[in-house]
Amino acid sequence: MRAITVRDREAGLGGLTLTDLPYPHAAENDVIVQVHAAGFTRGELDWPGTWTDRAGRDRTPSVPGHELSGVIVDLGYGTTGLTVGQHVFGLTDWARNGSLAEYTAVEARNLAPLPADVDHVAAAALPISGLTAWQALFDHAHLKTGQTVLIHGVGGAVGSVAAQLAREAGGRIIGTGRASDRDAARDLGVHKFVDLDGELLEDVGEVDVVLDVIGGDIRDRSTRLLRPGGTLVTIAGPPTIHPHDGRAIFFVVEPNGEQLAHLASRLHDGRLIPLVNTVRPLADAPAAFSPDGHTRGRTIIKVTTD
């Protein structure tokens, strides 16, 4: 099968190559997915799991990319709840071969069924950003109807999904970003938008929840905006300042099949639309890892023709 691999950590992006690998083995409770579309994170070549397994052993050549949408073609021993031919989407394990391949082995619990009429490209753009937004808002911040949530980077992949989920949950949404994100924020149903380059963050007043994807000074200043009992949730690194009467939480997204099913339902009904900017073939994946400035939406790799 064809796959994108990395072998040399020092080579950086130059070490990404399209190569041939053996068909993957389905371990116990695994499925083999024929990958139709895949998502990746540009910084993942810096992640330890890209280079070593959970025991710290070198696992190169390894396949990057951790988001996928495709069709199950094989079941490992003991796998239940999924069937051959079923459309699925979800996350591969951080320390196993990923989604930038024609086939990959995935733990069944990391996947959710996908309605057959949902586009694989849209589905592949959702697992990391969708689960991050869901877990931040509902698992950690416990967002309630009527509360005000401040979402930094509202025009980005995580922020845009968070805005849609928070709106559906009955939250009042304040979004931040650059001036070029203002129209997109309005389309997402954001009640107030703050241009962080030209407007004062503190003018938003008190909020119940902050979702931070930026870190640094923005995260620290946002802590002071929390109402008593409020929660700041960040994915940009552990907080350095904690609210006097509230919580500040850093977390890393985890696979969750049940939450993926909730996201799939919203995607199917049109209640949730992930941002996709560019679709490229598997051979173009190495070039797609290169930074491309401030663009709205994900780059998704189309691996298999539907």
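**Helix 6, its surroundings and the side-chain pairs of the model**

At the start of helix 6, the backbone nitrogen of Glu 258 has a side-chain oxygen of Asn 256 within 3.1 Å. The model discussed here is a predicted one, and this helix makes a convenient place to begin. Helix 6 takes in residues 257-269, 13 residues in all, and spans 18 Å from its first C-alpha to its last, close to the 18 Å expected at 1.5 Å a residue. Just beyond the end of helix 6, Gly 270 adopts a positive phi of about 80°.

Several positions along helix 6 are shielded from solvent. The buried residues are Gly 257, Gln 259, Leu 260, Leu 263, Ala 264, Arg 266 and Leu 267. Their cover includes two strands, strand 5 (87-91) and strand 7 (111-113), together with helix 1 (120-124), helix 2 (127-140) and helix 3 (157-168).

Leu 263 leads on to the nonpolar interior. In soluble globular proteins, nonpolar side chains tend to be buried together. Here the largest nonpolar core contains 40 residues, and the members that touch the most others are Phe 89, Val 149, Ile 151, Val 154 and Leu 263. At least two residues of this core come from each of strand 5, helix 1, helix 2, strand 8 (148-151), helix 3, strand 11 and helix 6. Another core, of 28 residues, lies apart from it, and Leu 16, Leu 45, Ala 101 and Ala 288 are among its members. Ile 151 offers a closer look at the packing: leaving aside residues up to four places away in sequence, Ile 151 touches Gly 159, Ala 162, Ala 163, Ile 173, Ile 174, Gly 175, Thr 176 and Leu 211.

Turning to charged groups, side chains of opposite charge can pair when their charged atoms come close. The model has 17 salt bridges. One of them joins the side chains of Arg 57 and Asp 53, with an N to O distance of 2.9 Å. Arg 57 is exposed, its relative accessible area being 56%.

Arg 227 takes part in two of the pairings described here. The first brings the side chains of Glu 206 and Arg 227 together in a salt bridge at 3.9 Å, N to O. Because Glu 206 sits in the loop between strand 10 (192-195) and strand 11 (207-212) while Arg 227 belongs to strand 12 (residues 226-234), this pair ties together parts that are 21 residues apart in sequence. Both partners are in the intermediate class of accessibility: Glu 206 is partly exposed at 46% relative accessible area, and Arg 227 is partly exposed at 29%. In the second pairing, a salt bridge of 3.0 Å (N to O) links the side chains of Arg 227 and Asp 208. Since Asp 208 is in strand 11 and Arg 227 in strand 12, the contact ties together parts that are 19 residues apart in sequence. Asp 208 has a relative accessible area of 17% and is therefore buried. Elsewhere, salt bridges with shared partners connect Glu 168, Arg 266, Asp 269 and Arg 271 into one network. Arg 266 was also listed above among the buried residues of helix 6.

Another charged residue, Asp 93, is found in the loop between strand 5 and strand 6 (103-107). Its relative accessible area is 12%, so Asp 93 counts as buried under the 20% limit. The side chain of Asp 93 makes a polar contact of 2.8 Å with that of Arg 54. Setting aside residues up to four places away in sequence, the contacts of Asp 93 are Arg 54, His 66, Glu 107 and Asn 110.

The aromatic residues complete the picture, with four aromatic pairs in the structure. In one, the ring centres of Trp 47 and Trp 94 are 5.8 Å apart and the planes stand at 90°, so the arrangement is edge-to-face. Trp 47 lies in the loop between strand 3 (30-39) and strand 4 (67-75), and Trp 94 in the loop between strand 5 and strand 6, so the pair ties together parts 47 residues apart in sequence. Trp 47 is partly exposed, at 30% relative accessibility. The rings of Trp 134 and Phe 138 are also edge-to-face, because their planes meet at 70°, with centres 4.9 Å apart. These two residues, Trp 134 and Phe 138, are four residues apart in helix 2 and thus separated by about one helical turn. Trp 134 is buried, at 11% relative accessible area, whereas Phe 138 is partly exposed, at 22%.

Note on methods:
Residues numbered from 1 in each chain as written. Heavy atoms only, no water. Expected span 1.5 Å × (residues − 1). Buried < 20%, exposed > 50% of the residue type's maximum accessible area, 1.4 Å probe, protein only. Contact = heavy atoms within 4.5 Å. Polar contact = N/O pair within 3.5 Å; in protein donor to acceptor, adjacent residues only side chain to side chain. Salt bridge = Lys/Arg side-chain N within 4 Å of Asp/Glu carboxyl O. Phe/Tyr/Trp six-rings, centres within 6.5 Å; stacked < 30°, edge-to-face > 60°. Core = buried A, V, L, I, M, F, W, Y, C linked by side-chain atoms within 4.5 Å.
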